Structures are given as C-alpha cells and as structure tokens.
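Trainee: Please pick one part of this model and go through it closely. Then set it in its surroundings.

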Amino acid sequence: MKLITAIIPEEKLDEVREALIEAEIERITVSRVSGHGRQQEIVVQRGKKVVPNLIPKVQITIACNDDFEGITVDTIIRTARHGKGEVGDGKIFVQDLKECIRIRTGERGGQAI
Amino acid sequence: MTWKRVLALAILGAGLPLAAQGAAPANDSGATAWLLTSTTLVLLMVPGLAMFYGGLVRTKNVLGTMMHSFAAMAVVGVLWTVVGYALSFGPNALGGLIGWSRGLVLLRSIDHTILPAGVPEYAFAMFQGKFAIITPALIAGAVAERITFRGWVAFITLWVIFVYCPLCHWVWAPDGFFFNLGAKGAVDFAGGTVVHISSGVAGLALALFLGARHGYPKTAMAPNNLTFTLIGAGLLWVGWFGFNAGSSIASNLETARALTVTQVAAAAGALTWVLLETIRDDKPTSLGMASGILAGLVVITPAAGVVQVGGALALGAIAACACFGMIILKNRLGYDDSLDAFGIHGTGGIVGAIGLTFFIRDSWWAEAAAKAPGWGLLAQLKVQGFAVGATILFSVVMTLLIAFLVEKVVGLRASEAVERTGLDHEIHGERAYGLNNLN
C-alpha cells in the first residue's frame with residue numbers, strides 16, 4: 001500500500017479531481033495548505049509590492065494499493081502541470097503505508113482502502 | 001404618491017429665475033430628516049447585497065463578487081450626479097423616451113431648491129441616486145463567478161444610462177408615460193418595475209448571453225459562507241425600510257403604512273419559504289430564510305403605497321411560493337442564473353406589480369373612480385400588465401445590445417483560466433480569507 005501526498009496549485013484542484021475520478025480513483029482527502037517552495041509570488045497592496053513567504057496551495061492525500069500508484073501519480077502530473085511546466089506546479093510524495101484500517105468494520109490492509 | 005405631483009411643480013419651477021421663486025416652499029425638517037435617513041439606509045443595502053452575494057459564491061470569487069456591488073457604488077455614484085439625474089428627472093426629451101435638462105448636469109440648478117414636499121432637492125436626488133446604484137448591482141447575481149471586472153464596469157455604466165434612466169423617467173418623472181397611464185398611473189411605489197423587474201430580466205438575459213459557468217450544473221458549487229449571506233439579508237431588510245418608507249418623500253401616515261407592510265411582507269415571505277422547504281426537503285435552511293426575506297421585500301416594493309397588512313401577508317407568501325417554484329424550474333431547465341437574480345428579483349417583481357392590483361385599499365379605488373368613472377380592477381390590471389410587459393421588453397432588448405457591444409469592445413466573459421483560478425486572485429490579485437500569509 002502507498003500513501004500519496006500531492007501539493008498542487010489551487011486552481012488545478014477541479015481538473016485533477018475530475019481526471020482522478022475518471023481513472024476510478026475516488027477516495028481522496030483535500031486540504032488547504034500554505035507553504036514555501038521555489039515559487040515567489042509578488043502581491044501589490046496599496047501600491048506596495050509584498051512577497052508573502054508562504055503561498056497557498058491545495059494538498060491531496062490518497063491511500064492506494066500498489067497497483068494504483070502509477071496511474072494516480074501520472075494523472076496528477078498530467079493535470080496539475082501548467083503547460084510544459086512552471087515553477088509552482090507542486091510536488092508529489094509517495095510513501096509506503098504500513099497499515100490501513102476501516103473503522104466501521106475493523107477490516108485491515110488492502111481491502112480496507 | 002403625492003410626491004410625484006409635488007415634483008412636477010418643482011420641475012416647472014426650476015425653469016424660473018431664482019428671483020421669481022420668492023415664495024419658495026419652506027423646509028420641512030421632519031420630512032427632510034427621514035429622507036436623509038432613508039438615503040443612508042438605501043446605501044446600506046449595497047454592502048448588504050455584497051455580503052448576500054459574497055457569501056453565496058465559491059471561496060475563490062468572494063472579493064470579485066463583492067466588488068461588483070462596490071463598483072456600482074463608485075461608478076453610479078459619479079454617473080448619477082453627472083448625467084443620471086438629468087436623464088431621469090429632466091423634462092421629457094426624445095418624445096418622452098428619456099428626460100433631459102442641461103441645468104441638472106452636476107446638479108447645478110438645484111443648489112437652492114427646496115421641493116414643494118418640504119425637502120431639499122439635493123436629498124431627493126441623492127435618495128434616487130441610491131436606487132440607481134443598487135439596481136445594476138442586483139444584476140451581478142445572475143452572472144456571478146464568470147465576468148471580467150472591466151467588462152462589468154463598462155456594462156453597468158451603459159446599462160444605467162440606457163436602461164435605468166429611461167425606465168426611471170417613465171415611471172417616476174411626473175411627465176413619464178407609465179406615470180400617466182390610466183386613472184392614477186401604473187402603481188409602482190418604490191421600484192418593482194424600475195428596480196426589480198428591470199434588473200431581474202436583465203440578469204436572465206445576461207446569464208443566457210454569457211452562458212453557464214464551467215462545470216455547471218455537474219460540479220457542486222456550494223456557498224462559501226452562509227453567515228455572510230444571512231448578515232447581508234438582514235442588512236437588506238433594515239435598508240429596505242428606507243427604500244420603501246423613504247419613497248413617500250414625507251414623514252407621515254403614508255410613510256408609516258409603507259414601513260408596516262414592508263415588515264409584514266418580508267416576514268411572511270421568510271416564513272413561507274422555510275415552511276415550503278421543511279415540507280419538501282425536511283430541512284429548514286438558512287439560505288431559504290434569507291431567500292424568503294428577499295422575496296417578500298421584493299414583492300412589496302411596488303405595492304407598499306397601496307396595500308394593507310392583509311394584502312402584504314398574502315403577497316409575501318405568494319412571492320415566496322412563486323420564487324421557490326421558479327428556482328426549481330431553473331434547475332430543471334439548466335440555465336445558469338448563478339445566485340437567482342431573476343429567480344427572486346425578476347419573479348418577485350412581476351408577482352408584486354401584477355398581484356398588488358388585487359389588494360389595493362378601498363380609498364385608492366375611490367380616488368381612481370373619481371378621476372375616471374368606472375375605473376376598476378380589470379382596467380388597472382391592464383395598466384399594470386402593460387407596465388410590466390414594456391419594462392421586460394425594453395430591459396431585455398437593451399441589455400442584450402449592451403452586452404454584445406461590451407463583449408466585443410472590452411470583453412465581458414472571463415477566460416477559462418480566470419474562472420478556474422477565481423476572480424479574486426486572477427483579476428484583483430487578492431484573496432478573501434487570510435490564507436495567503438499565515439504569519
């Protein structure tokens with residue numbers, strides 16, 4: 001089992017989500033996060049340029065069985081990227097997942113995903 | 001609506017040199033105080049509307065949507081004093097299509113005028129100016145989340161000049177042609193046709209012209225903050241007392257009547273809407289409460305001068321049913337009137353302007369019959385129907401022409417990228433909520 005965490009641009013959420021659903025990956029957790037990567041965004045407030053050191057992004061978290069890792073990652077890369085790729089398009093982290101438990105039934109492992 | 005006749009005299013008087021106005025009417029401090037208060041209250045409705053709409057859109061479009069209302073305050077606030085008042089309340093020009101008086105440009109000729117109602121004409125002009133601000137702002141609800149800011153600014157500028165000012169002149173200027181239909185004119189106390197029908201049908205026309213938002217109706221587009229919407233609805237209710245009771249341009253019995261029926265209709269509308277929801281979907285919602293309040297307020301707007309409490313209760317309840325039904329119908333038909341500007345303002349305005357005929361108080365009928373013997377329900381119904389029909393036709397045709405022009409010249413529909421990211425960040429470079437800088 002894998003735990004996939006992707007940090008993507010806010011405006012790409014709908015597109016990514018639609019593509020994931022099409023690929024039959026429907027179980028997902030989405031949160032708003034702020035962070036700092038290589039991207040710098042300049043904001044003008046009352047004529048003064050301000051560089052916020054934290055930029056808002058969307059984080060999606062998906063737990064899946066090993067077979068689905070490839071399609072999930074590929075789908076996110078394809079839909080979250082701006083054109084041929086820009087600074088700020090985000091990152092994907094893939095981790096091994098030790099255990100998954102469905103609270104309702106107490107099932108464990110791959111069938112609980 | 002004695003103030004219209006009063007204004008007729010004032011406008012005739014405006015042509016005379018100042019020296020000849022020796023017997024100028026005295027200022028009535030009571031009437032003036034209430035008119036100034038009402039003016040302030042009506043302006044309060046605009047941020048109220050901004051909150052109402054701002055709460056209903058998605059998180060990425062909050063500021064863009066609120067800016068539509070605030071843009072109306074800025075743009076029409078200037079436009080009204082420059083030419084708007086002259087176009088609306090000047091004497092007939094172009095065969096009565098619009099009013100015009102050079103003296104009223106920049107309100108120059110009213111610097112010393114006290115109207116026969118005992119109020120300074122400045123107060124009247126500013127009061128009317130607030131109506132001109134809120135009317136185009138209402139349209140924003142139909143096209144929320146997909147319109148460019150500069151397109152919107154261009155649109156409302158043209159719309160006020162070519163739609164609002166002519167309609168305002170027809171209905172409220174003493175030589176306007178709706179004002180002189182039938183025995184006692186088409187009844188439109190505080191703007192059912194001018195404000196609500198015209199903006200409601202303009203919203204529908206504009207929504208159809210622009211097309212639906214991307215993903216509508218498949219993607220869920222949930223309100224980001226219904227707390228805002230409820231506060232907005234509350235502010236609108238409070239402001240509406242100025243809107244309706246201020247329209248008497250007096251501080252007397254007629255004012256108190258208008259205030260009473262406004263309260264009653266709003267409450268009846270809210271109660272009915274929440275009841276309908278509870279019966280149909282098993283849950284009374286806060287959005288339903290806010291919508292019912294609005295439906296009740298809209299329906300009583302044309303009627304506030306002529307109906308009694310029973311009529312106001314009935315109209316509020318009927319409007320809630322009609323608007324509720326119209327929104328269900330919209331969902332079946334699938335057009336994207338995003339925040340139901342037509343569903344509530346258009347529908348409620350039409351129900352009010354026609355429906356009020358059945359609830360007019362007896363003394364009004366007696367006065368009408370004294371002017372035109374045998375004047376009755378059917379005759380008045382025809383007058384109301386004509387006023388509604390003409391308003392719809394005029395507003396829809398002109399709105400489509402203006403929309404076409406603006407789309408070609410400055411661009412009205414936001415690009416897909418702007419729509420996906422949201423108006424707030426793409427157009428204004430800001431975000432509504434404090435996530436852009438956690439420290």
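Mentor: A residue is buried if 20 or more other C-beta atoms lie within 10 Å of its own, exposed if 12 or fewer, and partly exposed in between, with C-beta atoms placed from the backbone. By that count, 55% of the 439 residues of chain B are buried. The model is predicted: local features need pLDDT of at least 70, side-chain atom pairs count only at pLDDT 80 or more, and totals for chains, interfaces and linings use all residues. Residues are numbered from 1 along each chain as its sequence is written, while chains are lettered from A and ligands numbered from 1 in the order in which they are written.

Start with the frame. Chain B has 15 helices and two strands; these are DSSP runs numbered from the N terminus, helices being H or I with at least four residues and strands E with at least two. The C-alpha trace of chain B spans about 65 × 45 × 40 Å along its principal axes. Its radius of gyration is 21 Å, which agrees with the value near 22 Å for a compact globule of 439 residues. That radius is taken over C-alpha atoms, and the globule rule is 2.2 Å times the number of residues to the power 0.38. Two residues are in contact if their C-beta atoms, placed from the backbone, lie within 7 Å. Among contacts in chain B between residues at least 6 apart in sequence, 81% join residues at least 24 apart.

Now the close look: H3 against H5. Two packed helices are described by the angle between their axes and the distance between the axes. In chain B, the axes of H3 (residues 62–89) and H5 (residues 149–172) come within 9 Å and cross at roughly 40°. H3(B) is therefore oblique to H5(B). Axes are lines fitted to C-alpha atoms, for helices over the stretch in contact, and angles run from 0 to 180 degrees between N-to-C directions. Angles under 35 degrees count as roughly parallel, over 145 as roughly antiparallel, 65 to 115 as roughly perpendicular and the rest as oblique. The crossing of H3(B) and H5(B) is right-handed: the near helix is turned clockwise from the far one by less than a right angle, where anticlockwise would be left-handed.

Who meets whom? On the H3(B) side, the residues include Met67(B), Ala71(B), Val75(B) and Leu79(B). The H5(B) side includes Phe149(B), Trp152(B), Ile156(B) and Cys168(B). The contact divides into 15 nonpolar, five polar and no charged residues. Ala, Val, Leu, Ile, Met, Phe, Trp, Tyr, Cys and Pro count as nonpolar, Asp, Glu, Lys and Arg as charged, and the others, Gly among them, as polar.

Stay on H5 for Tyr164(B). Tyr164(B) has 29 other C-beta atoms within 10 Å, so it is buried. Leaving aside neighbours within four places in sequence, its contacts are Ala132(B), Thr135(B), Pro136(B), Trp159(B) and Ser198(B). Ile133(B) is 31 residues away along the chain, yet the two C-alpha atoms are separated by 9.9 Å.

Step back to the loop between H4 (121–139) and H5, where Glu145(B) sits. Phi of Glu145(B) is near 75°, positive in a residue other than glycine. Glu145(B) counts as buried because it has 22 C-beta neighbours inside 10 Å.

Farther along, Pro217(B) lies in the loop between H6 (192–210) and H7 (226–245) of chain B. The peptide bond from Tyr216(B) to Pro217(B) is cis, with omega near 0°.
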